[in-house]
Number of protein chains: 2
Amino acid sequence: MVERQRADARRNYARILAVAEEEVAARGADASLEQIARTAGVGSATVRRHFPTRRALLEAVSRTRIAALSARAQELTGRGDSRDALLEWLGEVVAYCVSARGLAVALSYDDSAADPVHENSCSRSLEEAGGPLLGRAVRDGAVAAGVTVGDLITLAVGIVLATEHRGDPAAEADRLFRLAVEGLSPRA
Amino acid sequence: MVERQRADARRNYARILAVAEEEVAARGADASLEQIARTAGVGSATVRRHFPTRRALLEAVSRTRIAALSARAQELTGRGDSRDALLEWLGEVVAYCVSARGLAVALSYDDSAADPVHENSCSRSLEEAGGPLLGRAVRDGAVAAGVTVGDLITLAVGIVLATEHRGDPAAEADRLFRLAVEGLSPRA
DNA sequence: GAGGAAACGGCGGGTCCCGCCGTTTATCCG
DNA sequence: CGGATAAACGGCGGGACCCGCCGTTTCCTC
């Protein structure tokens, strides 16, 4: 499991990843791989050797953010009202995706097309982390039974993707998120 | 208003548009402009002369679809239950965006960044067409007052964008659309 | 320290988008 | 009808990107 790796390879991996985080945050999901290579001081081939596809790079870049969100889910599980906790978490997912460009794209990839060799895809990770949070809300009757964490995340990602090019993405995303949570028709 | 145009220019415009429709439908919103030019039998410069930006091309390609959806909105206005009519229309918007690639991207562009010289942007067109339909639903109390057509369309577009790379986009999109309509918490 | 494998990165090819600019061609008017 | 004129065309070169190849360097092991 632990692929033995040369020291310079690990060093380059880390450098590329660090540069990629900045670059993707700044330019979005289709940042130039060559630019990342140049800034990291490596050849473009080395970038592709460590991250064979753009998806792989985006997922690696997103990993720390995903971890933070997963931790947050655990924190919120079992704390306070179950519906509020779930909504708080989803709101944070939306906010993260808005502020950290590239994350939404990484989460929009098809789970089933994930590299089976490597660890879980980003979305699968998040789904597992959010499972208990959603489960509790469902048991409390705050959410319908058929709904999955994947549904909620996809919805959040969609909202982010659709508002990305707007004047004020954060405000728009938040507005739509609340609309989706409330549903189309006002509560009685 | 009616820009006098040479005959060959109009002919080329039509050919490019026809080719672009097929190409975008097949390859998605980032189809190759040069490929379109080649297939249409014109130079790539001619394509860019008629459609200065990719956005312009996408909006032109989407125009006929938009027109169809607008007509559909008019048909549905005043027919049947106002909530059902609105939902039927939105469902068709989603279905259209799923089946006609590129449409969702065209609708995700910022309204306010639209070319003010030319006619309305795609989204603005649709918003106007859906206005009466939504207005009736709001008056009937089926939709909260603050909601705009733009909100609903953006939500629909987001759902499509987020499910685009899934195994079965149509099914996923439909599922999420219903979830968003119903809201997170089940009805009493 | 030497051998061997792993990792590197430069190079060439292909595609794309873009601006320039000489050439073709439709249109207008004498 | 035919020339003038401006619109429209499209080929060309530049720059950026992604990708595969392959000779070279660098690290690890013994």
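The legends below describe close-up views of a predicted model, going from the contact between the chains to the interior of chain A.

**View 1. The interface of chain A and chain B in the predicted model.** On the two sides of this interface, 38 residues of chain A are in contact with 38 residues of chain B. The area buried between chain A and chain B comes to about 3,100 Å², and carbon and sulfur atoms account for 58% of that area. Of the area that chain A buries against chain B, 21% is supplied by T154(A), R166(A) and L184(A), which is more than any other three residues give.

**View 2. Polar and charged pairing between chain A and chain B.** Between chain A and chain B there are 14 residue pairs in polar contact, counting pairs in which both residues have pLDDT 80 or more, and 2 salt bridges are found across this interface. A salt bridge joins the side chain of R175(A) to that of D151(B), with an N to O distance of 2.7 Å. Side chains of opposite charge can pair when their charged atoms come close.

**View 3. The helices on the side of chain A that touches chain B.** Which helices of chain A each supply at least two residues of this side? They are α5 (82-99), α6 (103-108), α8 (149-163) and α9 (169-182) of chain A. The most is given by α8(A), with 10 residues on the side of chain A that touches chain B. By class, the residues on this side of chain A comprise 20 nonpolar, 11 polar and 7 charged.

**View 4. The meeting of domain 1 and domain 2 within chain A.** Chain A is divided into domain 1, covering residues 1-51, and domain 2, covering residues 59-182, and the centres of these two domains, taken over C-alpha atoms, are separated by 26 Å. At their interface, 11 residues of domain 1 of chain A are in contact with 6 residues of domain 2 of chain A. Together the two domains of chain A bury about 660 Å² between them, with 69% of it on carbon and sulfur atoms. On the domain 1 side, E21(A), A25(A) and A29(A) lose the most area to domain 2 of chain A, and together they make up 46% of what that side buries. The side of domain 1 of chain A that touches domain 2 has 8 nonpolar, 1 polar and 2 charged residues. Across this interface between the domains of chain A there are 0 salt bridges and, with both residues required to be at pLDDT 80 or more, 0 residue pairs in polar contact.

**View 5. Two annotated spans of chain A, as listed by UniProt.** An unreviewed UniProt entry places the feature "domain: HTH tetR-type" at residues 10-69 of chain A; this span is 82% helix and 0% strand, and its end C-alpha atoms lie 26 Å apart. For "DNA-binding region", UniProt (unreviewed entry) lists residues 32-51 of chain A. Over residues 32-51 of chain A, the model is 75% helix and 0% strand, with the end C-alpha atoms 13 Å apart.

**View 6. A salt bridge within helix α4 of chain A.** Over all chains, the structure holds 16 salt bridges, and one of them is formed by R55(A) with E59(A), whose closest N and O atoms are 3.2 Å apart. Both R55(A) and E59(A) lie in helix α4 (residues 54-76) of chain A, where 4 residues, or about one turn of the helix, set them apart.

Technical notes: Residues numbered from 1 in each chain as written. Chains lettered and ligands numbered in written order. Predicted model: local features only at pLDDT ≥ 70, side-chain atom pairs only at ≥ 80, totals over all residues. Heavy atoms only, no water. Contact = heavy atoms within 4.5 Å. Buried area = accessible area lost by both parts, 1.4 Å probe. Salt bridge = Lys/Arg side-chain N within 4 Å of Asp/Glu carboxyl O. Polar contact = N/O pair within 3.5 Å; in protein donor to acceptor, adjacent residues only side chain to side chain. Nonpolar A, V, L, I, M, F, W, Y, C, P; charged D, E, K, R; others polar. Domains from an automatic or database assignment. UniProt positions renumbered as here; feature names shortened; annotations may be inferred.
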